[in-house]
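Q: Could you take me through this structure feature by feature, giving the general idea before the particular case?

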Amino acid sequence: MKSTSTRLFALLLLQFLTIASAPAQNTTAPLTLEAERAKQEKIYHGRGELRLEGYVIDRSLSAYVRALPGGFAQSLAHLGPEERWLDVGAGQGLAVLDYYAPEYDPRQAGRRERQIKKGRSVAMSIEDRRTPRWQQTVDTVEPKQLHYVFGKSLREYSVDELGRFQLITDVIGGFSYTENLALFMEKLLSLLTVNGTFYTVAQDVRNEAGSNKPHYAGEPFLSQIKTASGEDIGICAWLKKISCIEVSCEYKGDWTPPLETYKIRKTCDKVTVPQLKADRYVAGTPPERVFLMNSPAPAPVPKP
Ligand SMILES: C[S@@+](CC[C@H](N)C(=O)[O-])C[C@H]1O[C@@H](n2cnc3c(N)ncnc32)[C@H](O)[C@@H]1O
């Protein structure tokens with residue numbers, strides 16, 4: 001993923017791009033959410049030399065297998081022909097394309113047969129990053145097997161539009177970029193079938209054990225979930241407050257920056273996601289975010 005110099009370079013380049021292309025403005029004005037959104041839009045749509053180095057859009061399926069929690073390769077290999085995989089924040093959709101490549105061998109992940117009819121997939125991105133390889137692959141699969149959807153973020157889709165999925169992944173996509181993590185998780189879990197699994201990661205966050213420090217000296221964790229008293233409980237602890245899911249979190253401290261991975265199995269339909277309020281959102285690759293948990297309602301005062 002990205003190194004210290006990359007993060008600094010990305011931020012500097014971002015500032016340069018913003019300054020170079022934005023109309024003159026009062027430089028003493030505080031950064032607003034609107035301004036950060038505008039910068040983030042530029043990141044999404046940057047092409048050629050304007051695409052930030054840290055904005056990686058072409059991770060392969062093997063990179064997904066390395067980054068995501070154990071079990072992802074097996075879940076994918078065992079996907080049945082009528083079952084569906086959604087990759088949220090797919091960039092070019094390379095991981096999905098690798099799955100349909102004739103060289104993809106599900107036996108490496110424990111499936112017995114070499115030749116199997118593969119499942120169906122949807123790759124989702126805010127901006128259209130398809131390459132000629134996308135169309136070449138579409139031409140080799142069945143009409144409903146492979147789709148690319150773009151033009152809006154996950155939370156703007158309905159279940160009617162997308163249908164449901166047995167497998168959902170997100171490798172530094174919407175889970176790391178959304179400015180509303182609670183709404184994101186609500187929508188994502190509504191798209192997951194009961195017993196379906198969501199595999200994802202977050203970079204440079206407080207790990208479940210609380211044993212790590214932010215990767216960049218003097219910088220905060222990239223995504224924080226704070227209680228009313230200001231304590232960052234970390235993403236894992238917050239995910240574990242969602243009902244109807246089983247969550248396992250694994251820290252990969254040897255990655256740069258370190259990753260925490262999440263494997264989430266939906267166990268029933270009555271999902272309730274504790275709401276969060278965005279407290280800070282600074283555009284980036286990925287953005288820096290602070291979410292505040294709703295303070296519990298005050299206990300009723302007993303009547304005398
Ligand atoms: C850094 S790229 C990662 C691409 C791909 N996963 C990879 O590893 O190569 C981020 C992707 O997430 C998408 N994205 C960001 N926020 C999103 C959201 N809320 N809903 C859907 N896609 C989102 C972007 O449009 C882009 O496709």
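Q: Before the details, in what order do the 3 strands of the open sheet stand?
A: A word on the model comes first: it is predicted, so to speak of local features a pLDDT of at least 70 is needed and side-chain atom pairs count only at pLDDT 80 or more, while totals for chains, interfaces and linings use all residues. Residues are numbered from 1 along each chain as its sequence is written. In general, strands of a sheet pair through backbone hydrogen bonds, either parallel or antiparallel. Here strands are DSSP runs of E with at least two residues, helices are runs of H or I with at least four, and both are numbered from the N terminus; two strands pair if DSSP finds at least two bridges between them. The 3 strands form an open sheet in the order β6-β10-β9, with mixed pairing, and its edge strands are β6 (223-226) and β9 (276-282), each pairing on one side only.

Q: How do β6 and β10 run, and which residue in β10 does Ile225 stand opposite?
A: β6 and β10 (residues 288-293) run parallel and are joined by 4 bridges, and Ile225 stands opposite Phe291 in β10.

Q: Which strands stand at the edges of the sheet of 7 strands?
A: This open sheet has the order β3-β2-β1-β4-β5-β8-β7, again with mixed pairing. β3 (146-150) and β7 (245-252) stand at the edges with a single partner strand each, so one side of each is left without a neighbour in the sheet. Elsewhere in the sheet, β1 (residues 84-88) pairs with β4 (residues 165-170) in the parallel sense over 3 bridges, and Asp87 stands opposite Thr169 in β4.

Q: Is helix α9 mostly covered or mostly open?
A: A residue is buried if 20 or more other C-beta atoms lie within 10 Å of its own, exposed if 12 or fewer, and partly exposed in between, with C-beta atoms placed from the backbone. By that rule α9 (residues 181-191) is mostly covered, since 8 of its 11 residues are buried, among them Phe184, Met185 and Leu188.

Q: Which residues have the most contacts inside the largest nonpolar core?
A: A nonpolar core is a set of buried Ala, Val, Leu, Ile, Met, Phe, Trp, Tyr and Cys residues joined through C-beta atoms within 7 Å. The largest one has 57 residues, and those with the most contacts inside it are Leu76, Leu86, Ile168 and Leu188; α9 gives the most to this core, with 7 residues.
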